[in-house]
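Let's take a walk through this two-chain model, one piece at a time. Keep the sequence and the 3D view open side by side as you read.

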Amino acid sequence: MVHALDEIRRTLKPNGMLLDLRPVESNWSVEVSSSTGYQAAGRLTDLPVAVADDEAAFHAMREVESRKWYIKKEEEEFAFFYYWDTPSEMKEFMEEEWDDFEKLEEDVFQKTKSLWAIANADARVRVRVKMLMTRWQKI
Amino acid sequence: MQKDPEGFEKKILHKFANLSNQRILEIGCGEGRLTWKYANASSVTIGFDSDRDAVRIARAESPPAAQGHVHFAQASASHIPFSTETFDIAILAWSL
């Protein structure tokens, strides 16, 4: 990672900007959302690989900052939502795409199904992903 | 499945940087999902990814208006195939 950040720095003009946009593990919330609002059903379980990836990313940025390659100018957290029409579609997606880094526990899935079943007709299920945006300036 | 229908990602991207008329390098562009949220305003955008299939899709889905100033390449971040001091902005797109 540190080598890649050095390569990026090489291609940037003097005082060029690096925008680091990425999800951060935090046991993302599973919610049932409709036109009238949303209800939380529980949280996903972060798996060790995902937590290790996060730690490696933060470590790399600290390293390049300490080497005075970049200086942090601005940082903000925001939410990024994945939506599915049904709880089953969400579960299928997670098993296929997120199986290495997130786990949907059975009790959370059952709670999601229960909330979705009694929600408005336009209800969908969603996962609230915690995102981090950081703006760095090349030194 | 739908990702970010509220457009929060695009909003924060434009809040953090003026991307208009800039030379932009996107690292880990994948199929170009993020690229199309800003690239049309840039002077030049080059997205690259190590996934050949994703890059092929990004190229295939490029709108006609983007041709000429938005390009996609297969490459690795460990050896970026562009000259020194080429870009105003680099975007690490879900890739660190």
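Start with chain B, where 41% of the 96 residues count as buried. Bear in mind throughout that this is a predicted model. Chain B has two helices and five strands, and along the sequence they come in the order β-α-β-β-α-β-β. Its radius of gyration is 13 Å, close to the 12 Å that the globule rule gives for 96 residues, so chain B is as compact as a globular protein of that length. Along the principal axes, its C-alpha trace spans about 35 × 30 × 30 Å. If you take the contacts in chain B between residues at least 6 apart in sequence, 60% of them join residues at least 24 apart.

Now swing over to chain A. Here you'll find four helices and seven strands, laid out along the sequence as α-β-β-β-β-α-β-α-β-α-β. This chain has a radius of gyration of 19 Å, well over the 14 Å that the globule rule gives for 139 residues, so it is more spread out than a compact globule. The box filled by its C-alpha atoms is roughly 55 × 30 × 20 Å along the principal axes. Buried residues make up 29% of the 139 residues in chain A. As for contacts in chain A with a separation of 6 or more, 80% come from residues 24 or more positions apart.

Within chain A, have a look at strand S2 (residues 29–34). S2(A) is joined to strand S3 (residues 37–43) of chain A by six bridges, and the two run antiparallel. The link between S2(A) and S3(A) is a hairpin through two residues, and Glu31(A) sits opposite Ala40(A) of S3(A). S2(A) also pairs with strand S7 (residues 124–138) of chain A, again antiparallel, through five bridges. There, Ser33(A) has Arg124(A) in S7(A) as its bridge partner.

How do the two chains meet? The contact takes 33 residues from chain A and 30 residues from chain B. On the side of chain A that touches chain B, the elements giving two or more residues are H1, S1, H2, strand S5 (70–84), helix H3 (87–97) and S7 of chain A. S1(A) gives the most to that side, with 11 residues. By class, the side of chain A that touches chain B has 21 nonpolar, three polar and nine charged residues. The chains share strand pairing too: six bridges join S1(A) to S5(B), and these strands run parallel. One spot to find is Leu12(A), which stands opposite Phe87(B) in S5(B).

That brings us to the packing. The largest nonpolar core has 37 residues, and those with the most contacts inside it include Leu18(A), Leu19(A), Ile27(B) and Ala90(B). Among the elements that give two or more residues to this core are helix H1 (2–11) and strand S1 (12–23) of chain A, along with strand S2 (23–27) and strand S5 (87–93) of chain B. S5(B) gives the most to this core, with six residues.

Zoom in on Ala90(B). Leaving aside neighbours within four places in sequence, Ala90(B) is in contact with Ile8(A), Thr11(A), Leu12(A), Gly16(A) and Leu18(A), as well as Leu25(B) and Ile27(B). Apart from the largest core lies another one, of 18 residues, among them Trp28(A), Ala41(A), Trp116(A) and Val129(A).

Technical notes
Residues numbered from 1 in each chain as written. Chains lettered and ligands numbered in written order. Predicted model: local features only at pLDDT ≥ 70, side-chain atom pairs only at ≥ 80, totals over all residues. Core = buried A, V, L, I, M, F, W, Y, C linked by C-beta atoms within 7 Å. Buried ≥ 20, exposed ≤ 12 C-beta atoms within 10 Å, placed from the backbone. Contact = placed C-beta atoms within 7 Å. Pairing = 2+ DSSP bridges. Nonpolar A, V, L, I, M, F, W, Y, C, P; charged D, E, K, R; others polar. Rg over C-alpha atoms; globule rule 2.2 N^0.38 Å.
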